[in-house]
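Please walk me through this protein model, starting with its charged side chains and going on to its metal sites and aromatic rings. Running paragraphs would suit me best.

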Amino acid sequence: MKKKLLLRLIITHLLALFVFKVGVSATALYFFVFFFVVRSLGLTVSYHRYFSHRSFKTSRFFQLILALWGGLSAQRGPLWWAAKHRTHHRYSDKDGDPHSPHQDSFWKAHIGWALSADSMKTDYSMVKDFKKYPELMFFNKYHDLFMLSFAGALYLFGEVINHYRPELGTSGAQLLVWIYIINTLAHVHLTFCVNSIGHLFGKKPFSEHACEDEDKSGNIAWLALLTAGEGWHHNHHTFPYSAKIGIRWFEFDLGHVVICVLESLGIIWNVKRPKLKVDVELPQTMALSSLEDI
Ligand SMILES: [Zn+2]
Ligand SMILES: [Zn+2]
């Protein structure tokens, strides 16, 4: 374990205690919810469905926008994230999986893997398809600077509001704590939950379609609601190429809703969706009409 990384993680959690000093306001909570949704979508639509799985195609310009969008969540650069995640799928729950609760302890699968000595290196051999774009290589390398700029912008924005609308009761420090620290930690732990409890619990309605040998992922509804669809993790491991993760009619998938909007606007195209035979046995709760678009 790298002490520097552990120390950084502990300090980040301790910084959240500043919430008792900066307090809370409706404005801070409004921005918290706004960034919670925007960052959830950045992670799932951009880092996961696009950069890791290439579930749809887009222009080079919007590809860069996607990188910045996903990068807002402070989970390192898109090539680092995609390389780690592709490794996870290649060895899902087998030896070589960077974060499997079936290969290592729960602690290692949840958070410990991110603290190992080589955890922060990008394995470029896993992302050869994106390595050819200098703008992505640059962003991947200097992602920390992007986050520092984001923190600075948040602080300035809070101070400007405080100056012109003091009655709103917010400040630069308050926005920094609520968005840059607490909101970031919430996303980090939700992503970690997908890796850890998402491979320990949950239902497996499509197990007969499984394409990854040892994969033990499950669907967890509350996790899906908090992660814009990521919690339907069994669906995802069964159809990893698919931009649509919530498959049955009741599996709400906000990420796919946004993908449909972007597709209808012509910003993205060639969107991949699950190939599922209609004659396959499905739970009674599945409406047949929902099969038409999958
Ligand atoms: Zn997984
Ligand atoms: Zn994946």
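**Salt bridges, zinc sites and rings**

Arg-54, Arg-86 and Asp-129 are joined in a network of salt bridges, a salt bridge being a side-chain nitrogen of Lys or Arg within 4 Å of a carboxyl oxygen of Asp or Glu. The model is predicted, so local features need pLDDT of at least 70 and side-chain atom pairs count only at pLDDT 80 or more, while totals for chains, interfaces and linings use all residues. Residues are numbered from 1 along each chain as its sequence is written, chains are lettered from A and ligands numbered from 1 in the order in which they are written, and side-chain values use heavy atoms, with hydrogens and water left out.

In the whole structure, a search finds eight salt bridges. One of them pairs Asp-253 with Arg-49, with 2.8 Å between the closest N and O atoms. This pair links distant parts of the chain, 204 residues apart: Asp-253 is in the loop between H12 and helix H13 (254-264), and Arg-49 is in helix H3. Helices here are DSSP runs (H or I, at least four residues), as strands are (E, at least two), numbered from the N terminus. Both Asp-253 and Arg-49 are buried; buried means under 20% relative accessible area, exposed over 50%, and partly exposed in between (1.4 Å probe, protein chains only).

Glu-135 and Arg-60 also form a salt bridge, at 2.7 Å from N to O. Here Glu-135 is in helix H8 (residues 134-141) and Arg-60 in helix H4 (residues 60-71), 75 residues apart. Arg-60 is partly exposed, because its relative accessibility is 46%. In the salt bridge of Asp-104 with Lys-108, the closest N and O atoms are 3.9 Å apart. Asp-104 is partly exposed at 30%, and Lys-108 is partly exposed at 32%.

Next come the metals. The zinc ion (ligand 1) is coordinated by NE2 atoms of His-88, His-199, His-233 and His-237, at 2.0 to 2.1 Å. Donors are N, O and S atoms within 2.8 Å of the metal (3.2 Å for Na, K and Ca); water is not among the atoms, so sites may look incomplete. Of these donor residues, His-88 is in helix H5 (residues 78-90) and His-233 in helix H12 (residues 233-238), 145 residues apart. Both His-88 and His-233 are buried.

The zinc ion (ligand 2) has as protein donors the NE2 atoms of His-48, His-53, His-85, His-89 and His-236, which lie 1.9 to 2.2 Å from it. Helix H5 and helix H12 meet in this site too: His-89 is in H5 and His-236 in H12, 147 residues apart. His-89 is buried at 10% relative accessible area, and His-236 is buried at 2%.

How many aromatic pairs does a search of the whole structure find? There are 20 aromatic pairs, where rings of Phe, Tyr and Trp (its six-membered ring) pair if their centres lie within 6.5 Å; planes under 30 degrees apart count as stacked, over 60 as edge-to-face and the rest as tilted. The rings of Tyr-47 and Trp-81 are tilted because their planes are at 55 degrees, with centres 5.9 Å apart. Tyr-47 is in helix H3 (residues 26-52) and Trp-81 in helix H5, 34 residues apart. Tyr-47 is buried at 0% relative accessibility, and Trp-81 is buried at 10%. Both belong to a cluster linked by ring pairs, together with Tyr-50, Phe-51, Phe-56 and Phe-130.
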